[in-house]
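Work through the exercises below with the structure open. Try each task before reading its solution.

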Amino acid sequence: MTPMRVALVGCGKVAGIHATALAAIPEAEFVAACDVNADRANAFAAKYGARPFTDLGTMLRDARPGAIIIGTPHPMHAEAAIRAAEAGVHVLVEKPLAASVADCDRMLAAAKKGGATLGVISQRRFLEPVQRMKRAIDEGKIGKPALGVFIQYSWRDAAYYLSDPWRGKWDTEGGGVLVNQSPHQLDILLWLMGPVAEVSGYWANLNHPTVEVDDTAVASIRFKNGGLGSIITSLSQKPGIYTKVHIHGSLGASVGVETDRGATFIAGVSEIAEPPLTDLWTVPGEEKHLAEFQAQDRASFASVNATVYYHMLQIRDFLQAIRENRSPLVTGEDGRAVVELFSAIYRSNQEKRAITLPLAPPEEKWAVCRTDDTGNTFIVREHLTRAEADRVVAEFEARGHKQTYWTEREK
């Protein structure tokens, strides 16, 4: 079996986890690393025995990877994925898949066009307690999933946001706790409960005044299967308490996982120190198994480097899926569903209403602007549709106004 040539795009903090994981996968040969910072690319490639590049197109041409793993800041995921996928290169993207649903759709279209497999990192699906929950639900042990709960009480300090220039800003991170720290558990919630029909949510910045984005969000969900859901996710509890996903079934039985104890780990900075555990199990006749399951979870944790191991499992599944012409466990469509969910929560907060999924494109608003004789610019009308704005400009021009009028899309 010839290993697949794999390259990394982005040599930041999470890249070291991927490089270490690739070294443990027989199906992979780590051949290249690309970063816009030449010093960082060179140092990273030298450390892990790969070729350095600063240009994606050059890397695709010269290193000839069969697959790439993207670990750049979230709003940059789409462009690299699209270029690679359209060239027929398979793409695995760090979470979230992208910062917007529109970018996700462009990535999925590029993968279809190029015949490439697209996946997104959600390595916590591979945790033994999460797999145990999935089996129980698939086997009907709790009945229909009726109530799904995701709770995260975590912490990030000011130094975390200062550690990379893109953190904590809407334009370079795409959001806060919903976009960066929550996608793993949002993915688990959707995997176990199914698609969302409607969501109502709020976000806030409770105690991180130096950043723009959300550090806390809450949401209520109605799933397409008729079940309900609840989300509380926060980075405002110092020093961090726990992160959990619980699923309660129509038979009254419940299963759950504590994916993280304390604050969630920071890739490339901290290690996973506490084992993920089955923390809730009331399946009829199996209630006494909880202690046994937790003993198994602790033993599994002690036998691996958990910070890298579950990434390795997912990357290996992704590469095997390509060879076997099947879908990986976590698909690009799964990644899009997470982005659609957190986008709907943001929109619900902005529009102060419940949002129905599938998420309709946001209605663009336009302004009519003019310039006076001295070159000063003024907004004449705003919050218009494009057609309304064009009509206003046409009316002013028809009246013979000397000023210059034009339309401009509102941000």
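**Exercise 1: the sheet**

Establish the strand order and the pairing sense. In this predicted model, 6 strands make up an open sheet, ordered β3-β2-β1-β4-β5-β6, with parallel pairing.

Which strands stand at the edges, and why is one side of each left without a neighbour?

Solution. Step one: find the strands with a single partner; these are β3 (51-53) and β6 (118-120). Step two: draw the consequence. Each has a single partner strand, so one side of each has no neighbour in the sheet. Step three: add the geometry. From one strand to the next, the twist averages 25°.

**Exercise 2: one strand pair and the helices**

Describe how β5 pairs with β6, then place two helices.

Solution. Start with β5 (residues 90-93): its parallel pairing with β6 spans 3 bridges. Within β6, V120 is the residue opposite V93. Now turn to the helices. Helix α2 (residues 38-48) packs on the sheet and touches β1, β2 and β3. The direction of α2 makes about 165° with that of β3. Helix α1 (residues 15-23) lies across β1 (4-9), β2 (28-34) and β4 (67-70). Relative to β1, α1 runs at about 170°.

**Exercise 3: T216**

Is T216 buried or exposed?

Solution. First, locate T216: it belongs to strand β9 (residues 216-223). Next, apply the cut-off. Buried means under 20% relative accessible area. T216 has 11% relative accessibility, so it counts as buried. Then check its surroundings. Beyond four places in sequence, T216 touches several residues, among them V177, Y202, W203 and L235. Finally, look for polar partners. The T216 side chain makes a polar contact with the side chain of S236, at 3.3 Å.

Definitions and conventions: Residues are numbered from 1 along each chain as its sequence is written. This is a predicted model: local features need pLDDT of at least 70, side-chain atom pairs count only at pLDDT 80 or more; totals for chains, interfaces and linings use all residues. Side-chain values use heavy atoms; hydrogens and water are left out. Helices (H or I, at least four residues) and strands (E, at least two) are DSSP runs, numbered from the N terminus. Buried means under 20% relative accessible area, exposed over 50%, partly exposed in between (1.4 Å probe, protein chains only). A polar contact is a pair of N or O atoms within 3.5 Å; within protein, one must be able to donate a hydrogen and the other to accept it, and residues adjacent in sequence count only if both atoms are side-chain atoms. Contact means heavy atoms within 4.5 Å. Two strands pair if DSSP finds at least two bridges between them. Axes are lines fitted to C-alpha atoms, for helices over the stretch in contact, and angles run from 0 to 180 degrees between N-to-C directions.
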